[in-house]
Amino acid sequence: MDSSDVESQLRQIGPFGGLDEPVSKKVIAALTVVSERVEWDDAHEFITEGNEADDFGYVLLAGKVLVTKSSGKELTLSAPALLGEMKQHSATGKRGATVTTSGSCVLLEFEWSALHSRLGRELAAGDWSAF
């Protein structure tokens with residue numbers, strides 16, 4: 001998957017695709033700079049419900065993941081998808097669900113703090129509020 005494929009995948013995800021073109025390009029560029037591509041096999045748990053120890057977010061580029069909650073709710077998501085974003089809005093700062101690969105997957109892994117820092121430098125105040 002080359003950089004144009006990654007950009008195309010990112011544009012299909014709400015927070016990235018719904019922005020004005022100049023802002024969208026800056027946000028996607030910032031994300032690609034601060035992220036690392038990872039590939040995981042089936043049944044790899046990478047987000048754990050209740051965990052507050054990490055600052056990682058993910059973009060699922062290829063494959064499927066299973067999202068489960070201790071309440072018994074389950075959801076399967078297919079690429080492309082943004083994962084780990086709910087922790088950013090959690091009053092407790094804890095993960096709200098467990099996410100496990102369902103088959104082999106390709107993801108971008110990034111730290112939210114690094115993305116926010118980069119966006120703070122790259123975007124004008126008005127652009128930042130749009131994101």
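**Aromatic pairs and two backbone oddities**

In this predicted model, the count of aromatic pairs comes to four. Take F46 and Y58 to begin with: their ring centres sit 4.8 Å apart and their planes meet at 70 degrees, so this pair is edge-to-face, given that planes over 60 degrees apart earn that label. F46 belongs to strand 2 (residues 45–47) and Y58 to strand 3 (residues 56–62), so the pair ties together parts that are 12 residues apart in sequence. Both rings come from buried residues: F46 has a relative accessible area of 9%, and Y58 has one of 3%.

Another edge-to-face pair is made by F110 and W112, with 4.8 Å from centre to centre and 75 degrees between the planes. Here too the residues are tucked away from the surface, F110 being buried with a relative accessible area of 1% and W112 being buried with 7%. Back at F46 and Y58, the picture widens a little, as W40 joins them to form one aromatic cluster.

The backbone has a couple of quirks as well. Most residues other than glycine have a negative phi, and most peptide bonds are trans. A43 goes against the first habit, with a positive phi near 70 degrees. This residue is found in the loop between strand 1 (36–40) and strand 2, and at 55% relative accessibility A43 counts as exposed, because the cut-off for that label is over 50%. The peptide bond from A79 to P80 goes against the second habit: the bond is cis, with omega near -5 degrees. P80 itself lies in a loop, the one between strand 5 (74–78) and strand 6 (81–83).

Notes. Residues numbered from 1 in each chain as written. Predicted model: local features only at pLDDT ≥ 70, side-chain atom pairs only at ≥ 80, totals over all residues. Heavy atoms only, no water. Phe/Tyr/Trp six-rings, centres within 6.5 Å; stacked < 30°, edge-to-face > 60°. Helix = DSSP H or I, 4+ residues; strand = E, 2+ residues; numbered from the N terminus. Buried < 20%, exposed > 50% of the residue type's maximum accessible area, 1.4 Å probe, protein only.
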